[in-house]
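User: I am new to this structure. Please take a close look at one strand and its surroundings.

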Amino acid sequence: MIITDVTTIKLRFPMIIAMADAIHYMPDRPTLLVQVHTDEGIVGLGEAAAYGGFLESTEAIIIGELRRTIVGVDPFRVEKLWQMMATRAHQRGRRGMLMMAISGVDIALWDIIGQATRTPLYRLLGGYRDTLQAYASAGFYAQDKDIHALEVEVGGYAERGFGCIKMKVGRQPEALLNPLKEMPAADYATVTFEEDVARVRAVRKAIGSNVKLAIDANNAWTPSLALTFMREVEDLDIYWLEEPVATEDLDGSAMVAHQLTVPVSGYETETGLPGFRELITRHAVDIVQPDVIWSGGITECRKIAALAQAYSLPVIPHVFSSAVSTIANMHFIASIPNGSWLEWDQNPNALRSDLFEEPLTLDERGCVRLPQQPGLGVRLNQETVNRYRIDQHRS
């Protein structure tokens, strides 16, 4: 078997009401799918993250560069192919957009291997578990979304049986060095420090004491502000604090982690093993959060997970894009011994809920089982693809 082509599919789901986290404004949900074709008719499916830019820029790397590297090679040589893609383009940097592009191709290669061997991917990778516990990823900022609306929202997740809920914090324009002021729609749905504290208190009250509550600052704070905020909510039994400071501020993250009893998690905005090595070995995180569509694919994320295990750290991946991102991260989490919660986005997104012929669903306990079909075990819903497709780029 050899690789004959690589193609992409660009999709975009427009939000009826834009949402925001601490620094990002999200009026739509873009998705870049990757398909790797073989001479035996097997087509692998992956997704490449396109955060912080345009779908076309990541697509250009995949089609214009990575495709030329892997066409004509056996897809089973996935480790070799990963090194070829990363090494031949190393002068463009070992992080960021290149890793996102490699991620989409790498996931598709593993899907091919699973299909060819007639094995579900999580079992091919080790099969540590076949069921995952999901947490509700929610509590975003939005126009006219007051505290009462937030309480109603998160209270509904608790009633549905979620054992853990994560909400957004940090959209505070007055915070020193907050990157928000440089971002699009910087004045959208902002709050004061005091209002943000009140939001967290309201959520804790709405979900009760038996549901775990995590908070995510999306790199908005300085270390001192992160510590100040946590002092204000320390009586609310916060489960983890996610990305409190800038990803590159390793010393700052380590200082926050050392001074808090609440675990610090991150950093989804890191890409690749070398960056996670620094986060882990410098004790800047207590929970490790790579994303297989962002951090170099399944090949690289398994190495990150192994390093985390060597330091007795759990892995709770970032999962916030389409259904392909969800299923790929599910197989990754299910294959590793230190895998934990599955992030389950609660915001409207047909590219997550309607993208597959058989949608991913949770049971009454908030759990999801891994599919037993070969590879990723999913089929694209062509009606959904056609509805939200921008165009297809093929050389």
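Analyst: Here is a look at strand 7 and the charged residues linked to it. The model is a predicted one.

Strand 7 covers residues 212-216, and Ile-215 lies in it. Is Ile-215 buried or exposed? Ile-215 is buried, because its relative accessibility is 0%, and the cut-off for buried is under 20%. Sequence neighbours within four places aside, Ile-215 touches ten partners named here: Lys-166, Met-167, Val-169, Val-200, Phe-229, Met-230, Ile-238, Trp-240, Leu-241 and Glu-242. Thr-326 sits elsewhere: its C-alpha atom is 20 Å from that of Ile-215, with the two positions 111 residues apart along the chain.

Now the charges. Asp-216 pairs with Lys-168 in a salt bridge, with the closest N and O atoms 2.7 Å apart. This pair joins distant parts of the chain: Asp-216 belongs to strand 7, Lys-168 to strand 6 (residues 164-168), and they are 48 residues apart. Asp-216 is buried, at 0% relative accessible area. Lys-168 also counts as buried, at 5%.

The pair does not stand alone. Asp-216 and Lys-168 are part of a salt-bridge network with Lys-166, Glu-242 and Glu-343. Two of these residues, Lys-166 and Glu-242, are also in contact with Ile-215. The whole structure holds 19 salt bridges.

For contrast, take another pair. Asp-251 and Arg-282 form a salt bridge at 2.7 Å, N to O. Asp-251 lies in helix 8 (residues 250-259), and Arg-282 in the loop between helix 9 (273-281) and strand 10 (287-288). Here Asp-251 is exposed, at 53%, and Arg-282 is partly exposed, at 34%.

Conventions. Residues are numbered from 1 along each chain as its sequence is written. This is a predicted model: local features need pLDDT of at least 70, side-chain atom pairs count only at pLDDT 80 or more; totals for chains, interfaces and linings use all residues. Side-chain values use heavy atoms; hydrogens and water are left out. Helices (H or I, at least four residues) and strands (E, at least two) are DSSP runs, numbered from the N terminus. Buried means under 20% relative accessible area, exposed over 50%, partly exposed in between (1.4 Å probe, protein chains only). Contact means heavy atoms within 4.5 Å. A salt bridge is a side-chain nitrogen of Lys or Arg within 4 Å of a carboxyl oxygen of Asp or Glu.
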